[in-house]
Amino acid sequence: MIRITELVKRYPTRHGKVTVLDHVNLTIKKGEKIGILGRNGSGKSTMIRLISGAEQPTAGTIRRTMSVSWPLAYSGAFQGSLTGMDNLRFICRVYGVDFENRIPYVQDFSELGKYLKEPVKTYSSGMMSRLAFAISMAVEFDCFLIDEIMAVGDSRFHDKCNYELFEKRKDRAMIIVSHDSNFIMKHCNHAAVLVAGKLHSFERIDEAMTFYNEHSATV
């Protein structure tokens with residue numbers, strides 16, 4: 001389970017502190033799939049980074065009793081001077097999984113070929129996302145964090161990502177943030193909407209969609 005209690009995130013600006021998340025509460029149970037809707041800049045990605053542990057909250061708590069992925073296709077933790085293979089080795093060591101057993105999977109899924117042995121700072125953004133998604137799937141988690149990642153690659157690679165995540169791991173919990181209501185409708189059991197830093201939760205996705213559409217002009 002993941003339990004988010006009174007979560008607050010503020011960032012300093014030249015005009016003073018800006019509150020991005022304002023006393024957010026949410027619980028995600030094993031196998032549950034929750035979509036979080038919001039316009040660009042509403043705080044969706046910030047919330048995902050906080051849940052993953054990539055950032056710390058200003059106030060409030062996040063309790064995790066199941067393993068949680070980093071945001072899928074997030075490459076911010078890569079060391080640019082290391083090769084793709086070296087980054088895989090490092091991440092496997094951090095998560096306590098066998099590196100050698102993961103190599104064939106990452107080679108096959110990322111389709112990077114010889115570039116896996118090149119420094120990741122030489123990668124294009126698309127190559128970086130392929131590596132990040134492949135490594136994300138090579139390390140198993142109870143809950144996957146998904147931040148608009150299905151834009152990775154061309155349509156064929158996109159379909160491969162969909163199958164790997166939503167079919168082969170359909171028993172896992174997922175938190176999906178998006179401004180695409182159709183994507184949320186397709187993959188989630190419940191939904192919530194971020195408006196002006198406040199999270200509004202709904203049991204029924206159609207109710208969340210109605211709320212989102214009514215408030216999208218002011219988000």
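**Figure 1. The hairpin of strands β1 and β2.** Two strands are said to pair if DSSP, a program that assigns strands and helices, finds at least two bridges between them. In this predicted model, strand β1 (residues 2-13) and strand β2 (residues 16-28) run antiparallel and are joined by 9 bridges. The chain passes from β1 to β2 through a hairpin of 2 residues. Several facing positions can be followed in this view: P12 stands opposite K17 in β2, R10 stands opposite T19 in β2, and K9 has L21 in β2 as its bridge partner. As a general guide for reading such a view, the side chains of a regular strand alternate between the two faces of the sheet.

**Figure 2. The open sheet β2-β1-β4.** Here 3 strands form an open sheet with antiparallel pairing, and their order is β2-β1-β4. The edge strands of this sheet are β2 and β4 (59-64), each of which pairs on one side only. When direction is ignored, neighbouring strands of this sheet are turned by 25° against each other on average. The pairing of β1 with β4 is antiparallel and extends over 5 bridges, and the partner of V8 in β4 is A59. Helix α1 (residues 44-52) lies across β1, β2 and β4, and its direction makes an angle of about 120° with β1.

**Figure 3. The open sheet of 6 strands.** The strand order in this second view is β5-β6-β7-β3-β8-β9, and the sheet is open, with mixed pairing. Its edge strands are β5 and β9 (198-202), and each of these pairs on one side only. Neighbouring strands of this sheet are turned by 15° against each other on average, again with direction ignored. One pairing to trace is that of strand β3 (residues 33-37) with strand β7 (residues 173-178), which is parallel and spans 5 bridges; within it, L37 has S178 in β7 as its bridge partner. Helix α1 also appears in this view, where it lies across β3, β5, β6, β7, β8 (190-195) and β9 and runs at about 155° to β6.

**Figure 4. The packing of helices α2 and α3.** The axes of helix α2 (residues 84-95) and helix α3 (residues 99-110) come within 10 Å of each other and cross at roughly 135°. The two helices are therefore described as oblique to each other, and the crossing they make is right-handed. On the α2 side the residues that meet the partner helix are M85, L88, R89 and C92, whereas on the α3 side they are F99, R102, I103, V106 and Q107. Sorted by class, the residues of this contact are 6 nonpolar, 1 polar and 2 charged.

**Figure 5. The packing of helices α4 and α5.** Helix α4 (residues 125-138) packs against helix α5 (residues 155-167) at an angle of about 20°, and the axes of the two helices are 11 Å apart. Because angles under 35 degrees count as roughly parallel, α4 and α5 are therefore roughly parallel to each other. The crossing in which α4 passes α5 is left-handed. The residues that make the contact are R130, F133 and M137 from α4, together with F157, C161, E164 and L165 from α5. By class, this contact of α4 with α5 consists of 5 nonpolar and 2 charged residues, with no polar residue taking part.

**Figure 6. The aromatic pair of W70 and F141.** The structure holds 9 aromatic pairs, and this close-up shows one of them, W70 with F141, whose ring centres are 5.4 Å apart and whose planes stand at 85° to each other. Because planes over 60 degrees apart count as edge-to-face, the pair of W70 and F141 is edge-to-face. This pair links distant parts of the chain, for W70 belongs to strand β5 (residues 68-71), F141 belongs to the loop between α4 and β6 (143-147), and the two residues are 71 residues apart. In general, a pair of aromatic rings is described by the distance of the centres and the angle of the planes.

Conventions: Residues numbered from 1 in each chain as written. Predicted model: local features only at pLDDT ≥ 70, side-chain atom pairs only at ≥ 80, totals over all residues. Heavy atoms only, no water. Axes fitted to C-alpha atoms, helices over the stretch in contact; angles between N-to-C directions. Helix = DSSP H or I, 4+ residues; strand = E, 2+ residues; numbered from the N terminus. Parallel < 35°, antiparallel > 145°, perpendicular 65-115°, else oblique. Left-handed = near helix turned anticlockwise from the far one by under 90°. Contact = heavy atoms within 4.5 Å. Nonpolar A, V, L, I, M, F, W, Y, C, P; charged D, E, K, R; others polar. Phe/Tyr/Trp six-rings, centres within 6.5 Å; stacked < 30°, edge-to-face > 60°.
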